[in-house]
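Student: I would like to go through the salt bridges, cavities and pockets of this model. Can we take them one at a time?

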Amino acid sequence: MEELITVVPWWLCIPFAGLLLCIAILPLVRAAWWEEHQPHAVIVWSLLFVIPFAVLYGAGAAAETVLECMVNDYLTFIVLLFGLFCVCGNITMSGDLAGSPRINVGLLALGTLLSSWIGTTGASMLMIRPVIKMNAWRKRRRHIIIFFIFMVSNLGGCLTPIGDPPLLMGFMRGVPFFWSLKLLPMMALNMAVLLFVFYKIDMRAYRLDIATGMKPDISKPGTEVKIRGLHNLLFIAVIVAAVILSGTLPGMPAFQDAAGNVKGIHIFGEVTLGYPALIEIVMILISAFLSFKTTDGSIRRENHFTWGAIREVAILFVGIFITMQPALMLLKTYGGELGITKPFQMFWTTGMLSSFLDNTPTYLVFLTTAGALGLGEGIATALGTVPVKMLEAISVGAVFMGANTYIGNAPNFMVKSIADENGIRMPSFFGYLMWSFGILIPVFLLDTLVFFR
């Protein structure tokens, strides 16, 4: 199947672009129709890629391509989301804290710091409901969720391989586990700038809400906070352990065959579900099951827990994962020919592509490109020696710029869906782009001047 990558035509990317346009436009012009017919749109655009691909390269190659992305990318992706969605939905926070600018800054800072240790998805699913509940009394609150996506769902995942999948892939290829702590100054600068901007925006919105007579529903003064379902933190720890194992087990001899390939269950052609991935999936699903069995249903009712958000993400990302394959193939083929040799070029190219494509393969393409430059100094990896500045640029670009779009990182769309379910009218796809380009791009330009010149 590798030889197909070198000849795939650009027009096979059209279904991917078409699906993205549907996600961007149809909720604005035909919202009710779109909500009902999302599965049909996914099927149509997927077939518009699969059928021409099968005509060009054969049904076997098409089946192998689809199965490869479904088995080795989408399956672990959606199981992880599902597990964290279930477990974090069984934790609830209540008390006398009301959403004020200072409280919201604290919540965003806490969530951002958590992201590197329980993953951006874990921190997002854990923190989004408390943030929504504490700000339920407010009318002007969409900006809170937007900055939540910027920071908790993306920025905070840069300090460890647990934080975001691209860094886990780097760890699997020889990047030291704690190397990414070197990204702390970059995270700190971005965090400080974004929290300052958020505070100014939130203070203005808060004063307008107060001026129109809105008040938080607090029965008595104080800062009492009650958390129920805390035992589910154990299941989050198990899920985090499963993710770490999925990154470390493939390198152990017990999980490799004589040729050094990861052992697993053969599916079709060259497609194999590796035993490390299978162990991860089983651990996550058992954690989700036990979480439901050991948690009182009143907690989920208090959280307004429904399956709508995970259902929407599961459906749409099936289509995204399938239709983006030609774009990834082209990137793998021509990524090394783009003439990218400077850290700032790596930062922007990796980042902008990660905004619309899966940031993990994008990270790996440019990590491979950097390793092939033949430079003698830097971090020794399985892909070659990568200069420190290059590795920093690739890592920060893949993690930070996932915030540029709703589809740039897994939890972004999940957070949006949960906010929509709770009555927060989130921006459209293009509306969110205006927020991200207006706020994040200037911050990324600052990163370029300070760190990647």
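Student: Which elements each supply at least two residues of the lining of the second largest cavity?

Tutor: This is a predicted model. The second largest cavity holds about 40 Å³ of space. Its lining includes Asn 190 and Leu 194, along with Leu 440, Val 443 and Phe 444. The elements that each supply at least two lining residues are H8 and helix H18 (429-451).

Student: Which element gives the largest share of that lining, and what classes of residue are found there?

Tutor: The largest share, three residues, comes from H18. Phe 150, Leu 155, Phe 400 and Ala 403 are also among the lining residues. By class, the lining of the second largest cavity has no charged residues, one polar and eight nonpolar.

Student: How much space lies in the largest cavity?

Tutor: Three cavities of 30 Å³ or more are counted. The residues that line the largest cavity include Pro 161, Trp 179, Tyr 363 and Ser 395. Its lining has eight nonpolar and three polar residues, with no charged ones. The space in the largest cavity is about 60 Å³.

Student: Which helix gives the most to the lining of the largest cavity?

Tutor: Leu 167, Gly 170 and Phe 171 are among the residues lining the largest cavity. The helix that gives the most, with three residues, is helix H7 (residues 165-172).

Student: Now the salt bridges. How far apart in sequence are the parts that Lys 133 and Glu 302 tie together?

Tutor: The two side chains meet in a salt bridge, 3.3 Å from N to O. Lys 133 is partly exposed at 27% relative accessible area, and Glu 302 is partly exposed at 26%. Lys 133 lies in helix H5 (residues 101-134) and Glu 302 in helix H11 (residues 297-302), so the separation of the joined parts is 169 residues.

Student: Which other residue forms a salt bridge with Glu 302?

Tutor: This partner sits in strand S2 (residues 225-228), 74 residues from Glu 302 in the chain. Its relative accessible area is 26%, so the partner counts as partly exposed. With the closest N and O atoms 3.2 Å apart, the residue is Arg 228.

Student: Are Asp 209 and Arg 138 buried or exposed?

Tutor: Asp 209 and Arg 138 form a salt bridge, with the closest N and O atoms 3.3 Å apart. Asp 209 is in helix H8 (residues 184-211), and Arg 138 is in the loop between H5 and helix H6 (142-151). Buried means under 20% relative accessible area. Asp 209 is at 0% and Arg 138 at 3%, so both count as buried.

Student: Which residues are joined into one network by salt bridges that share partners?

Tutor: The model has seven salt bridges in total. Those that share partners form one network of Arg 138, Arg 140, Asp 202 and Asp 209.

Student: What is the volume of the second largest pocket?

Tutor: This pocket is lined by 27 residues, and those nearest its centre are Pro 27, Trp 34, Glu 312, Lys 416 and Asp 420. By class, 15 are nonpolar, four polar and eight charged. The volume of the second largest pocket is about 670 Å³.

Student: Which element gives the largest share of the nonpolar patch?

Tutor: The patch covers about 460 Å² and is made by Leu 21, Ile 25, Leu 28, Val 29 and Phe 430. Ile 25 is partly exposed, with a relative accessible area of 36%. Four residues of the patch come from one element, H2.

Key: Residues numbered from 1 in each chain as written. Predicted model: local features only at pLDDT ≥ 70, side-chain atom pairs only at ≥ 80, totals over all residues. Heavy atoms only, no water. 1 Å grid on protein atoms, 1.4 Å probe; cavity = no way out; pocket = protein on both sides within 12 Å on 5 of 7 lines; lining within 4 Å. Points joined across faces, edges and corners; volume = space filled by probe spheres on them. Nonpolar A, V, L, I, M, F, W, Y, C, P; charged D, E, K, R; others polar. Patch = residues over 30% accessible without salt bridge, like charges linked within 9 Å, V, L, I, M, F, W, Y side chains within 5 Å. Areas by Shrake-Rupley, 256 points an atom, 1.4 Å probe, with all protein chains shown as cover. Salt bridge = Lys/Arg side-chain N within 4 Å of Asp/Glu carboxyl O. Buried < 20%, exposed > 50% of the residue type's maximum accessible area, 1.4 Å probe, protein only.
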